[in-house]
Amino acid sequence: MAASILNERDLHFMLYELFDAQELSSRERFSDHNQETFEAAMQTAKSVAERYLLPIRQKTDLQKPEFDGKKAHLIPEIKTAVQAVIDSGLAAATADFEHGGMQLPSLVACAVSAHLTASGMSVMGYTTLTNANANLIQAHGTAEQIQKWVTPMREGRFTGTMAMTEPGAGSGLADLITKAVKQPDGSYRITGSKIYISGGDHDLSDNIVHLVLARIQGAAKGIKGISLFIVPKLMVNDDGRVGEPNDVALTGLFHKMGGHAITSTALTFGEKGGAVGYLVGEENMGLTYMFHMMNEARLFVGMGATVMALAGYQYSLNYAKERPQGRLLSEKNPESAPVNIIEHSDVKRMLLAQKAYAEGSLALCLFGARLHDDEKTAPTAEERKAGHTLLDFLTPIIKTWPSEYGLKANHYAIQVLGGAGYTNEHPVEMFYRENRLNPIHEGTTGIQSMDLLGRKVPMNDFAGYKACLGAMQRTVSQAVKQPALSEFATALGEAISTLDSTTKKVLTATRSTNIDAAFSNSVKYLDMFGHVVIAWMWLKQGMVANQAITDKPNQSDSEQNFYRGKLHTMQFFFRSELPEIKHWAALISQLDTTNADMQSEWF
């Protein structure tokens, strides 16, 4: 069977034809780069993935981390793979040159990470979390903290985590009880327990830097009284060398249905009097700072879910092209040769759905990465503000839509393989298990939906909402000028109007209706908004593909097929998926309270 992990032609399409990665090289931060260096990074990632991650993918899934009562133990191949990623420079692809990074644009770094993630998503969790941890400290820590903690993380000597969840709090961070007591030397003593800490213990690095949310003694209850602390597994001496153990204990491992390569840990801080912690920034600002890492992680979650969908799609596509079984209904001769299953209409339907979900999600995630580049490096303050506004608004959609529909794509990948897809002889069942966590961590689908409808939409006088609708409407205005796309441009314009009227109705209703009832269909609102945004992404792809066919009528058959595949998948999404928003809009607009009205005693 074909060994392709991902469709490299599609990655190039996204980077250079859809999102103009070349333009980023004109910006000062990325002036040392060009398309040649971008391609070199892509090929390095593919090489590392094929040499170190892909060969151990099944082994890391089957051999889970073990806990001996004190430490977590991983199979040795994981350390070799992580070190290979670090040595390649890809662990800190977007970090500054001076901190050992490659200083790549976020857009390119996201695409570069695709092969690594497809070959070993949970292994890559160690470097991804470390990078996000370092980014937070670099943004909000002191110069001393950056030197002491960020530098060794960028160099790959230390790894990092975020420690938020507690046994009694879960997503309800307002109920957090981990305590911090200030000491005469300015440090703090941390006591409490945290659970589901990814990468919380292992032997992959010299030290582990935990970013821990805790409440300083005497601080206010609720989220306003939460502070953020650097709590290392091992103390670090003034000369930078690792010293004695801190009061941080591993108390157990959680074994998840997927993502087995990265440890999921229960940690206890302060069993022997208090773990030493160092305040990041100001007191009581911890959740604000942690959202710097959490929002970054949400974008990673969306991209991770997307890549799992892409990997499942590519594998099931390869399988369908090579698996002979059955005959078309129109073939009446029982002695005729079976056709490859890709010829059956229902298999085409499932492959089309996967392609629509996965490549639509990829466009959305890379668009988010491009907005991040604009937010940080666009030439004018106005452009930087616009990038920030739109990215901040889209973050719950970027995190959630790929997580939900990427998982649906993996469901179809298994179905394409039939009974074989349900066995571990093929990786599609593993992709599903790996992806199943993504609708949960870094904020569940329900939490993201309430954040979108209740906070992001009305925030700053609807600034992000207006920016998003305006950007989509501009695409409609451009697309309608291409006759081949007029049907789809019109459909997106109508969908935007439906979305806007629904939004106004539900937010108006909150002034006179119980907010719990008004928001009882918030997940359907997120689904609806996500579908409209993905339709937008497909129309943008359709514009590029249609223009390429028009401008280059003599291009190769493979290129023609690629672009026609884009246009046909766009058609599939607009005709088979986008119409669903009408039903969701009706539920939301009519303030259907079936969910809210259900009584606990009736279950």
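Is Gly-200 buried or exposed? Let us begin with that residue and then visit several other places in this predicted model.

**View 1. Gly-200 sits in a loop between two strands.** The strands on either side of this loop are S5 (188-198) and S6 (207-216). With a relative accessible area of 3%, Gly-200 is buried, because buried means under 20%. Leaving out residues up to four places away in sequence, Gly-200 touches Thr-161, Ile-208, His-210, Thr-263, Thr-265 and Leu-267. For a sense of scale, pick out Val-544 as well: Gly-200 and Val-544 are 344 residues apart in sequence, and their C-alpha atoms are 44 Å apart in space.

**View 2. Asp-10 is a buried residue of helix H1.** Helix H1 covers residues 8-18. The relative accessible area of Asp-10 is 2%, and that is why Asp-10 counts as buried. Which residues does Asp-10 touch, if those up to four places away in sequence are not counted? They are Glu-359, Leu-362, Phe-562 and Lys-566. Take a moment over Lys-566: 556 residues separate Asp-10 from Lys-566 along the chain, while their C-alpha atoms are separated by 9.7 Å.

**View 3. The largest nonpolar core has 171 residues.** Five of its members touch the most others: Met-290, Leu-394, Met-472, Tyr-525 and Phe-529. Helix H6 (residues 106-140) supplies the largest share of this core, 18 residues. Another core lies apart from this one; 18 residues belong to that second core, including Ala-72, Phe-229, Leu-253 and Leu-279. Now look closely at Phe-529. Setting aside neighbours within four places in sequence, Phe-529 is in contact with Phe-393, Ile-397, Leu-452, Tyr-465, Cys-468, Leu-469, Met-472 and Leu-499.

**View 4. Helices H3 and H6 meet along their lengths at a small list of residues we can name.** The axes of H3 (residues 35-53) and H6 come within 8 Å and cross at roughly 10 degrees. How are the two helices arranged, then? H3 is roughly parallel to H6, because angles under 35 degrees count as roughly parallel. From H3, the contact is made by Phe-38, Ala-41, Met-42, Ala-45, Lys-46, Val-48, Ala-49 and Leu-53. From H6, the partners are Val-108, Ala-111, Val-112, His-115, Leu-116, Ser-119, Gly-120, Val-123 and Met-124. Sorted by kind, the residues of this contact are 13 nonpolar, 3 polar and 1 charged.

**View 5. Helix H11 is mostly covered.** How many of the residues of H11 (residues 428-435) are buried? The count is 7 of 8. The buried ones are Val-428, Glu-429, Met-430, Phe-431, Arg-433, Glu-434 and Asn-435. These buried residues pack against helix H4 (57-62), H6, helix H8 (286-322) and H10.

**View 6. Met-294 is a buried residue of helix H8.** Its relative accessible area is 5%. Apart from neighbours within four places in sequence, Met-294 is in contact with Met-164 and Glu-442. If you also find His-531, 237 residues from Met-294 along the chain, you will see that the C-alpha atoms of the two are separated by 24 Å.

**View 7. Helix H18 has buried residues along one face.** In H18 (residues 580-589), the buried residues are Ile-581, Trp-584, Ala-585 and Ile-588. Why do they line one face of the helix? Seen down the axis of H18, they fall within an arc of 105 degrees. On the other side, Lys-582 and His-583 are exposed. The buried residues of H18 pack against helix H10 (381-417), helix H14 (486-509) and helix H16 (522-551). After H18 comes Leu-591, with a positive phi near 50 degrees.

**View 8. Asn-460 and Asp-461 have positive phi values although neither is a glycine.** Phi is about 50 degrees for Asn-460 and about 55 degrees for Asp-461. Asn-460 belongs to helix H13 (residues 459-479), and Asp-461 lies in H13 too. Asn-460 is exposed, at 61% relative accessibility. Asp-461 is exposed as well, with a relative accessible area of 56%.

Key. Residues numbered from 1 in each chain as written. Predicted model: local features only at pLDDT ≥ 70, side-chain atom pairs only at ≥ 80, totals over all residues. Heavy atoms only, no water. Core = buried A, V, L, I, M, F, W, Y, C linked by side-chain atoms within 4.5 Å. Buried < 20%, exposed > 50% of the residue type's maximum accessible area, 1.4 Å probe, protein only. Helix = DSSP H or I, 4+ residues; strand = E, 2+ residues; numbered from the N terminus. Contact = heavy atoms within 4.5 Å. Arc of directions from axis to C-beta. Axes fitted to C-alpha atoms, helices over the stretch in contact; angles between N-to-C directions. Parallel < 35°, antiparallel > 145°, perpendicular 65-115°, else oblique. Nonpolar A, V, L, I, M, F, W, Y, C, P; charged D, E, K, R; others polar.
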